[in-house]
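Work through these exercises with the sequence and the model side by side. Try each task before reading its solution.

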Amino acid sequence: MTRDVLELATSLGFLDELYEKYRSAPGDIDPSWVSLLDGHGPASPGAPVTNGHANGHAPSTGNGHAAARPAYAKPSAVSAPVMLQAQPSVWPLVNEFRSRGHFAASLDPLNLIETAFIGELDASAWGFTDADLDRVIEPTGVYGMQRATLRELLAQLRNVYSGSVGIEFMHISSPARRAWLAERMETRLRTPLPAEVRKRILAHLINAEQFERFCHTKYPGTKRFSLEGSESLIPALDLVLTHGARYGAIEAVLGMAHRGRLTTIEQILRRPGRDLFGHFEDVEPEKAMGGGDVKYHLGFSTDRTDPNGNAMHVSLAFNPSHLEAVDPIVVGRVRAKQTRHGDVEHRHVMGVLVHGDAAFAGQGLVAETLQLSSLAGYRTGGTIHVIVNNQVGFTASPAEQRSTPYCTDVAKMLECPIWHVNGEDLDGLARVIEMACEYRAQYASDVVIDMYCFRKYGHNENDEPSFTQPLMYDRIKKKASPVEVYSHLLVEQGVVTPDEVTGMTQHRVAELERELEAAKASRQRPDAPSMTAMWRGFRGGIVDHPVDADTKVPRTLLEHIAQSITEVPAGFTPHPKIERLLSQRAEMGRGERLLDWGMAELLAYGSLLYQGINVRLSGQDCSRGTFSHRHAIITDIKTGREHMVLAVECGPGQCASTTAVCPRPACSGSSSGIRSTTPMRS
């Protein structure tokens with residue numbers, strides 16, 4: 001019987017129950033299970049009480065004491081070598097590291113996750129012995145390493161696939177894409193970063209940490225959803241935008257939930273700190289009555305120039321408390337901007353979504369939005385997903401949130417690459433972002449970066465997290481911050497001096513003090529610019545009297561539209577019932593038959609197109625119509641060719657009819673994003 005935890009991954013709940021029964025009544029267990037359960041006794045008293053996903057949240061026995069878990073995360077290796085030929089080959093070993101090396105990676109900065117022992121990652125599983133370690137192998141099957149000893153090869157494979165970075169890509173069906181990813185991982189991941197890039201990363205880390213600490217000190221107890229412990233997000237976003245611009249993007253739309261939003265606005269979108277502090281100070285509170293939103297829901301936009309001199313317009317979408325609600329809206333906004341730029345290759349505008357680990361795994365809108373990624377009418381050339389993986393969702397541990405090894409497993413349905421990164425390895429994270437942005441540009445695909453971090457405080461600043469995660473937060477209290485870890489590394493390697501780190505920190509604190517003084521001196525509530533760009537000329541709010549709009553159109557125009565939408569191209573063979581419907585609609589257009597709902601609807605759309613206003617129909621069965629009344633698109637019964645009836649001589653506007661996937665929230669969200677970006681021409 002197999003003892004590999006991965007082979008039994010779908011049955012761990014059953015094994016838990018079986019083991020508890022085995023402890024209390026061994027004789028009641030079928031003998032075939034005894035060999036598996038023997039040797040997997042309770043964790044030793046000094047070991048963390050965790051099942052590999054609990055992250056310090058020990059399950060209860062019901063009597064107030066933590067229950068010990070069988071150590072399933074440490075199975076024995078396979079009992080006999082899989083390869084029994086006289087001369088063992090390294091190819092299966094290389095393939096195993098590419099396929100399953102991520103399971104053995106050291107991803108958790110808190111070191112609470114037990115790293116699984118994968119027998120197939122041991123050379124002995126493929127017929128090698130200690131005597132083979134210094135044997136020269138050529139070719140090795142690893143990119144950038146034509147010739148090496150087995151010892152050197154194993155060190156390289158562990159460094160690339162089972163170090164502080166893991167990658168899932170062997171589920172991708174395209175051999176070319178798998179080879180592309182393997183080549184980039186094996187030749188670039190551990191290539192040293194330029195010193196100026198590392199200094200910029202450190203500066204962003206320090207700036208983020210000091211902003212969070214400044215807010216925590218000056219406004220104690222005020223909710224802001226701190227980023228402390230996950231400050232790596234800020235240099236990560238900076239690198240995403242920098243590499244995106246390098247591959248041709250001139251605009252980016254960001255979407256994220258609360259955590260880290262204020263730091264992102266201040267650091268990435270460069271909104272002055274005085275504006276954010278003004279919201280804390282609550283200047284002119286009467287202006288917020290009946291309007292506005294809490295500060296950690298706010299959006300912003302700015303023009304950015306990166307270190308390479310590339311300019312980019314960056315927008316952060318507003319987001320409500322419903323975490324992932326912004327996802328399809330960002331996708332829709334990106335699509336609308338691409339249309340406006342004539343960006344048919346989806347290269348000039350990109351979407352970036354920042355998720356929490358619990359929300360990415362648990363909210364259905366994530367899966368719905370992922371499904372839009374390759375659909376006509378919705379595709380944007382790939383979204384970059386960055387997951388801030390704090391390893392806890394509100395008060396729930398991963399074992400209580402999901403049934404999958406990773407929070408990212410839902411994304412595998414797209415056959416996109418998924419990187420798992422220890423958030424304290426900033427150099428590895430930088431290389432992963434570089435590869436992810438290049439992959440998106442190369443293959444117009446979504447990419448996922450799962451960044452393991454920790455959450456220094458509770459869900460918000462008023463929560464006490466040690467009520468539910470006592471072991472995790474005991475570890476966090478003693479944990480060095482990401483700034484301390486990375487600055488120590490750079491000082492040790494001679495990239496910066498301790499005095500430079502101190503100087504950067506002092507400069508940042510002085511800058512924040514100046515911004516706070518300016519906020520306190522202000523007598524006006526900070527307001528972000530609104531109703532600009534495409535919305536200029538519109539005005540919102542309450543009106544005394546409704547606007548009486550003239551919606552009449554000339555009869556001659558309606559007759560012209562009716563004639564256009566009832567004609568089919570030469571050689572086109574519609575269904576006999578559709579042919580009869582078109583004949584009846586032609587009679588309606590000539591005034592010989594009363595209009596029905598479907599015809600009136602098409603005439604209205606045609607009148608908008610005549611004025612140069614684009615029409616987009618989006619939703620399940622929108623082309624035919626739920627009740628078979630619309631038939632905006634008809635199909636040739638002999639060739640399967642489609643014909644859009646509104647695309648013929650109705651005017652300068654463009655019409656698009658996109659039959660969407662079944663889930664309505666993602667479709668509606670995408671349409672909302674499109675409308676908010678192109679109010680007059682969508």
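**Exercise 1. Classify Phe-169 by burial, then describe how its ring sits against that of Tyr-161.**

Solution. Start with accessibility. Phe-169 has a relative accessible area of 1%. Buried means under 20% relative accessible area, exposed means over 50%, and partly exposed lies in between (1.4 Å probe, protein chains only). Phe-169 is therefore buried. Tyr-161 is buried too, at 1% relative accessibility.

Before the rings, a note on the model. It is predicted: local features need pLDDT of at least 70, side-chain atom pairs count only at pLDDT 80 or more, and totals for chains, interfaces and linings use all residues. Residues are numbered from 1 along each chain as its sequence is written, and side-chain values use heavy atoms, with hydrogens and water left out.

Now the rings. A pair of aromatic rings is described by the distance of the centres and the angle of the planes. Rings of Phe, Tyr and Trp (its six-membered ring) pair if their centres lie within 6.5 Å; planes under 30 degrees apart count as stacked, over 60 as edge-to-face and the rest as tilted. This rule gives eight aromatic pairs. For Tyr-161 and Phe-169, the centres are 6.5 Å apart and the planes are at 15°, so the pair is stacked.

**Exercise 2. Which residues form one aromatic cluster, and which residue lies over the face of Tyr-378?**

Solution. The cluster consists of Phe-211, Phe-214, Tyr-219 and Phe-277. Over the face of Tyr-378 lies Arg-616, at 5.2 Å from the ring centre. The rule here: a charge sits over a ring if NZ of Lys or CZ of Arg is within 6 Å of the ring centre and within 35 degrees of the ring normal.

**Exercise 3. Find the buried residues of helix α3 and what they pack against.**

Solution. First, the elements. Helices (H or I, at least four residues) and strands (E, at least two) are DSSP runs, numbered from the N terminus. The chain has 21 helices and 14 strands.

Next, the helix. α3 spans residues 91-100, and its buried residues are Leu-93, Val-94, Glu-96, Phe-97, Arg-98 and Arg-100. They pack against α4 (150-161), β3 (165-168) and α5 (175-188).

Then look at Leu-121, in the loop between α3 and β1. Leu-121 counts as buried, at 8% relative accessibility. Contact means heavy atoms within 4.5 Å. Not counting residues up to four places away in sequence, Leu-121 touches Leu-93, Glu-96, Phe-97, Arg-100, Gly-101, Ala-104 and Ser-162.

**Exercise 4. At what angle do helices α10 and α12 pack, and which residues make the contact?**

Solution. Axes are lines fitted to C-alpha atoms, for helices over the stretch in contact, and angles run from 0 to 180 degrees between N-to-C directions. Helix α10 (residues 326-340) and helix α12 (residues 364-371) pack at about 20°, with axes 8 Å apart. That makes α10 roughly parallel to α12. Angles under 35 degrees count as roughly parallel, over 145 as roughly antiparallel, 65 to 115 as roughly perpendicular and the rest as oblique.

From α10 come Asp-327, Pro-328 and Val-331; from α12 come Leu-365, Val-366 and Thr-369.

**Exercise 5. Where do Asn-111, Phe-394 and Pro-139 lie, and what marks their backbones?**

Solution. Begin with the background. Most residues other than glycine have a negative phi, and most peptide bonds are trans.

- Asn-111 has a positive phi of about 55°. It is found in the loop between α3 and β1. At 59% relative accessibility, Asn-111 is exposed.
- Phe-394 has a positive phi near 60°. Its place is in the loop between β8 (383-389) and α13 (398-401). Phe-394 is partly exposed, at 48%.
- Pro-139 follows a cis peptide bond from Glu-138, with omega near -5°. Pro-139 is found in the loop between β1 and β2.

**Exercise 6. Is Glu-601 buried or exposed, and which residues is it in contact with?**

Solution. Glu-601 lies in helix α20 (residues 597-610). Its relative accessibility is 14%, so Glu-601 counts as buried. Leaving aside neighbours within four places in sequence, Glu-601 is in contact with His-629 and Arg-630.
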